[in-house]
Amino acid sequence: MATPINRQTEMTLVQAVTDALRTKLTDDETTLVLGEDVGKNGGVFRATDGLQEEFGEDRIIDTPLSEAGIVGTSIGLAVNGFKPIVEIQFLGFIYPAYEQIMTHVSRIRMRTMGRYGVPMVIRAPYGAGIRAPEIHSDSTEALFTSMPGLKVVCPSTPYDAKGLLIAAIEDPDPVLFLESMRSYRAFKEPVPSEAYTIEIGKANCITEGQDVTLIAWGAMVQVAQKAATEAATRGISCEVIDLRTLYPLDRETISASVQKTGRAVIIHEAQATGGLGNDLLALINDTSFLYLRAPVARVTGFDVPVPLFALEDHYIPTPTRVLEAIQRTVDF
């Protein structure tokens, strides 16, 4: 951790992202921000609003509309002493850069036998719930959690967003930093004004419980918490785990919780087939199978592309669907 935390300010998640960027840009002159409209316009969600005026066009860099070019340029910067922070406007726009990430970003440390690292962060808003057009609402985190060499982080609160983003920027290896659009301005909470970090690779037990473990990340953490509150009225005690880091997973926290409760419900926005829930199921099977009192349940999006506005609310997991899964595991 950094210096002792004293002052705090009420912030939304997107404000906490801005504060983390400003903190590192101030502390480290090798830190740069690159992306489409991140400078003059302050980013599509205004996460970089005001930073170009404060730090100049040489450090807050408006780029052409080329995700592959932005990421490729940042790789060169990273191996030559800079710490680039890339903004991809929406996770659904990252696919042209996938080859750069898979072939180079995640492999350079191994390829050079440790001589070079790639200390870069790729920020990407993701997820449904804001009535965005097609391709803007994808939750394709599993495409990247299956990519050794790349860490994947996803905060659910403003406090976590600042601490995890500072940790990601300071990490000597590449980090994909996912930001739930639905959570950007959903609520405020006190965030320390000073610099601080949250350890990457460690999950957070938000609520302790005895009967069922709920595992979620991003916007689904709030959904899990609402379901847990309703389950308590039925006499069911839920433990809520916020993964915070999607790769590498915190095996110890997950397995300890499931071994205590004997039941688990995994909640994520992405479709069930090929989703990160499958890796979590495998982890639970490997570490905690003999402790289970019921099959592990999943509450996910459906195996279709994220639908347009009229059906979006039917696609996203809800507290009601999570509560039904909780009840099924208890009744098994």
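Visitor: Where is Ile 135 placed, and what makes a stretch of chain a helix or a strand here?
Guide: Ile 135 has its place in the loop between β5 and α6 (142-145). Helices (H or I, at least four residues) and strands (E, at least two) are DSSP runs, numbered from the N terminus. The model is predicted, and local features need pLDDT of at least 70, side-chain atom pairs count only at pLDDT 80 or more, while totals for chains, interfaces and linings use all residues. Residues are numbered from 1 along each chain as its sequence is written, and side-chain values use heavy atoms, with hydrogens and water left out.

Visitor: Why is Ile 135 called partly exposed?
Guide: Its relative accessible area is 41%. A residue is buried under 20% relative accessible area, exposed over 50% and partly exposed in between, with a 1.4 Å probe and protein chains only. The value of 41% falls in between, and therefore Ile 135 is partly exposed.

Visitor: What makes Tyr 95, Ile 135 and Leu 143 a nonpolar patch?
Guide: Patches are made of residues with over 30% relative accessible area and no salt bridge; nonpolar side chains (Val, Leu, Ile, Met, Phe, Trp, Tyr) are joined within 5 Å, and like charges within 9 Å. Ile 135, at 41%, passes the area limit. Tyr 95, Ile 135 and Leu 143 together have about 240 Å² of accessible area, an area that comes from the Shrake-Rupley method, in which only the protein chains shown count as cover for residues.

Visitor: Which residues form the negative surface patch, and what makes it negative?
Guide: The patch is formed by Asp 37, Glu 57, Asp 58 and Asp 62. Asp and Glu count as negative and Lys and Arg as positive, while His and the chain ends are not counted. The place of a charge is taken as CG of Asp, CD of Glu, NZ of Lys or CZ of Arg.

Visitor: Why is Asp 58 called exposed, and why is Asp 37 called partly exposed?
Guide: Asp 58 has 69% relative accessibility, which is over the limit for exposed. Asp 37 has 37%, which lies in the range for partly exposed. Asp 58 lies in the loop between α2 (51-55) and β3 (60-62), and Asp 37 is found in the loop between β2 (31-35) and α2. Asp 37 also has a positive phi of about 65° although it is not a glycine.

Visitor: How do you know that Lys 162 and Asp 19 form a salt bridge?
Guide: A salt bridge is a side-chain nitrogen of Lys or Arg within 4 Å of a carboxyl oxygen of Asp or Glu. For Lys 162 and Asp 19 the N to O distance is 2.6 Å, and therefore the pair qualifies. The pair links distant parts of the chain: Lys 162 is in helix α7 (residues 158-170) and Asp 19 in helix α1, 143 residues apart. Side chains of opposite charge can pair when their charged atoms come close. The structure holds 13 salt bridges.

Visitor: Why are Lys 162 and Asp 19 called buried?
Guide: Lys 162 has 0% relative accessibility and Asp 19 has 15%. Both values are under the limit for buried, and therefore the term applies to each.

Visitor: Which residues does Asp 19 touch, and what makes a contact?
Guide: Contact means heavy atoms within 4.5 Å. Asp 19 touches Met 11, Lys 162, Pro 192 and Ser 193, not counting residues up to four places away in sequence. Asp 19 and Ser 193 are 174 residues apart in sequence and 8.2 Å apart in space, C-alpha to C-alpha.

Visitor: What makes Lys 24 and Glu 170 a salt bridge?
Guide: Their side chains meet at 3.0 Å, N to O, and this distance satisfies the definition. Lys 24 is in helix α1 and Glu 170 in helix α7, 146 residues apart. Lys 24 is buried at 9%, whereas Glu 170 is partly exposed at 42%.

Visitor: Which residues are linked in a network of salt bridges?
Guide: The network links Glu 87, Arg 123 and Glu 179. The closest N and O atoms of Glu 87 and Arg 123 are 2.8 Å apart, and therefore this pair qualifies as a salt bridge. Glu 87 is in strand β4 (residues 83-87) and Arg 123 in strand β5 (residues 121-126). Both Glu 87 and Arg 123 are buried.

Visitor: How do you know that the peptide bond from Tyr 247 to Pro 248 is cis?
Guide: The omega of this bond is near 0°. Pro 248 lies in the loop between β12 (245-247) and α9 (251-261).

Methods
Areas by Shrake-Rupley, 256 points an atom, 1.4 Å probe, with all protein chains shown as cover.
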